[in-house]
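Thank you for passing this structure on to me. My remarks for a first-time reader follow below, as numbered points.

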Amino acid sequence: MFLHDYLYQLEKNKTSIAGTPPAILWLDAGGRFGHADPFDPQQSDALLMNGPTYMLRPSLAKPDLFHNYYRGQTGSDDLEGFIPRNLYGRFLQDLVPALLEKAQHLGITITRQQATITAIHKTPQRALQLVSAEGQRWQADHLALATGPARNRALDHLRGQSGFIDNPSRANSFANSGIDFSNPATQIACFGPGPSCFDGMALLEKEFGFKGKYILVGRANIPFWSIQRNSPVPNDSHYRPRHLSAEALPCPVTESQLIAALFKDIDDLKDPQHNRFEMGPEYLLNLVSSQTPALYARWQAQHRPDALAAAQSHTAFLKLQRVAIKMLEQAVSPQMQALYQNLKDQGRILQVSGRIQEDAITKPNALFTVPVVRQDGLRLNYRSAGIMNCKPHVRSWQPGGATAQEQLLAQMTEQGLIRQNKQEQLGLYDFIHGLQNRVALLGAATDVLWGVHLSSYKNGQAAEFFASKLIPWQRQATPVLQQNS
Ligand SMILES: Cc1cc2nc3c(=O)[nH]c(=O)nc-3n(C[C@H](O)[C@H](O)[C@H](O)COP(=O)(O)OP(=O)(O)OC[C@H]3O[C@@H](n4cnc5c(N)ncnc54)[C@H](O)[C@@H]3O)c2cc1C
């Protein structure tokens, strides 16, 4: 989508720009331009987008881009549902020829080439030199780097073993696993039950007719898709909001002050010191959406407001509650909730609150032995025919990794082109620092509630920044590593 936003900016600024238009070099290691793995147009309908259609705004410059495509393809105006990911994949696929045509109209050449970039250096003129594994070199003024989500290596030692499902979003991971899906005694242990776990369950149930049980092991005591508006609230000792607290809020309090406090608390969740149990934003939203009356009562007791302040503030609290419910709904599809509930009703889900000891998993015979340390400290061994890696990706690339993607980032860090964000303890990179060095680090946010907005926002920012540097257009090359987010 960066390419879309970049062309949009160039078109917008066309009249104010003199000189030769830029050339765009689009490089991709797999030679799959416009194809993103999670959005394969050929994959099963069971795999759904992780947000409702109205949230799918891949370009903030053209917020209706996908919605118009969706209406055109389906004839439907219902933007509330969670659509199959293959439809979004078709959108990305169809976007490529449209973008190439648009570039041509603007007199911009886009060259697509299969190449794996292994190093990027600064030239003495502050341009960038790209080096490929194939031995080619290119010089460029700007670089949009979108090399995809980072792989979680926690279960790498199980790769290749029968019964290990490396990626629950891919049907062939199951087909090659050797697990007997028709046997009701078959148990599959799910490592980190997040959205990919739902992918796995949806494929197992709909494509493979699985009859067995799921052992869901997660550090939170409930997986997020089990949260519903009326769910009992989890024990708030897991995380206590600092900003949305009676003491921290003013009197009277407005809707915008409450929403600002909510967002600050969501931000706090990124701090492992404060958020020891690594609760996701959905936990906080669940807490707020179901505990607003209690929060209001605590606020009243703390501030003893007069009647007018109490009434105005009460309206603000109710609006806060609606915002939290809306945000929560965005993270959980009704299909996900229904499938989860149905499996629970059938007694096919064993939920364990604890942590799998990844390194201690063994396979002494046909079954895995999966040691789990529960939250109360007790260590239990579970036996399972399969292990599903439901956390195939982590939030951000970690330095020092062995993949080509991580080595490239390490090399760029050494060059000072990019750097880790000091405030973030989760290995995220400093976007602004990268831009200052002519590099935009894009795409691949894997978080449901944070990711979608963040990646569209970054695409737009980078496109605008790079285009503004081309007034007047002077330089010749703006490479783009494949980018679909
Ligand atoms: C199972 C799953 C479901 C998801 N569902 C959603 C969803 O519903 N909604 C959502 O917004 N997001 C979702 N995501 C997040 C998703 O990863 C991103 O939205 C999107 O796919 C990221 O696109 P990307 O272009 O950044 O990365 P990718 O699609 O991974 O593309 C990266 C490309 O970079 C190339 N590359 C890598 N290294 C190099 C190199 N050194 N040189 C040259 N080329 C290189 C690769 O060949 C690849 O083609 C999902 C992710 C997963 C894993």
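1. A helix, in the sense used throughout this note, is a DSSP run of H or I that covers at least four residues, and helices are numbered from the N terminus. By that rule E282 belongs to helix α7, and the reader should keep in mind from the start that the model is a predicted one.

2. On the general make-up, the chain contains 12 helices and 17 strands, and of its 485 residues 39% are buried. If one takes the contacts between residues at least 6 apart in sequence, 73% of them join residues that are at least 24 apart.

3. On confidence, the average pLDDT of the chain is 85, and 85% of the residues reach a score of at least 70. I would point the reader to residues 225-232, where pLDDT stays under 50 and where the model has 15 contacts beyond four places in sequence. A second such stretch, residues 446-452, also has a pLDDT below 50, with 18 contacts in the model beyond near neighbours in sequence.

4. The largest nonpolar core has 106 residues, and the members that touch the most others are F2, A189, C190, F191 and I387. Helix α7, which spans residues 281-303, supplies the largest share of this core, namely eight residues. As general background, nonpolar side chains in soluble globular proteins tend to be buried together.

5. Which residues does I387 touch, if those up to four places away in sequence are not counted? The partners are L158, G163, F164, I165, A189, F191, I361, F368 and V370; two of these, A189 and F191, are themselves listed with I387 among the core members that touch the most others.

6. Helix α7 packs with helix α8, residues 307-331, at an angle of about 170°, and their axes are 7 Å apart. Angles over 145 degrees count as roughly antiparallel, and α7 and α8 are therefore roughly antiparallel to each other. Among the residues that make the contact are L285, V288, L295 and Y296 of α7, together with F317, L320, I325 and L328 of α8. The residues of this contact divide into 12 nonpolar, six polar and one charged.

7. Is E282 buried or exposed? E282 has 22 C-beta neighbours inside 10 Å and so counts as buried, the cut-off being 20 or more. E282 is also one of the α7 residues that make the contact with α8, where A331 takes part as well. The C-alpha atoms of E282 and A331 are separated by 7.6 Å, although the two residues lie 49 residues apart along the chain.

Conventions
Residues are numbered from 1 along each chain as its sequence is written. This is a predicted model: local features need pLDDT of at least 70, side-chain atom pairs count only at pLDDT 80 or more; totals for chains, interfaces and linings use all residues. Helices (H or I, at least four residues) and strands (E, at least two) are DSSP runs, numbered from the N terminus. A residue is buried if 20 or more other C-beta atoms lie within 10 Å of its own, exposed if 12 or fewer, and partly exposed in between; C-beta atoms are placed from the backbone. Two residues are in contact if their C-beta atoms, placed from the backbone, lie within 7 Å. pLDDT is the predictor's confidence in each residue, from 0 to 100. A nonpolar core is a set of buried Ala, Val, Leu, Ile, Met, Phe, Trp, Tyr and Cys residues joined through C-beta atoms within 7 Å. Axes are lines fitted to C-alpha atoms, for helices over the stretch in contact, and angles run from 0 to 180 degrees between N-to-C directions. Angles under 35 degrees count as roughly parallel, over 145 as roughly antiparallel, 65 to 115 as roughly perpendicular and the rest as oblique. Ala, Val, Leu, Ile, Met, Phe, Trp, Tyr, Cys and Pro count as nonpolar, Asp, Glu, Lys and Arg as charged, and the others, Gly among them, as polar.
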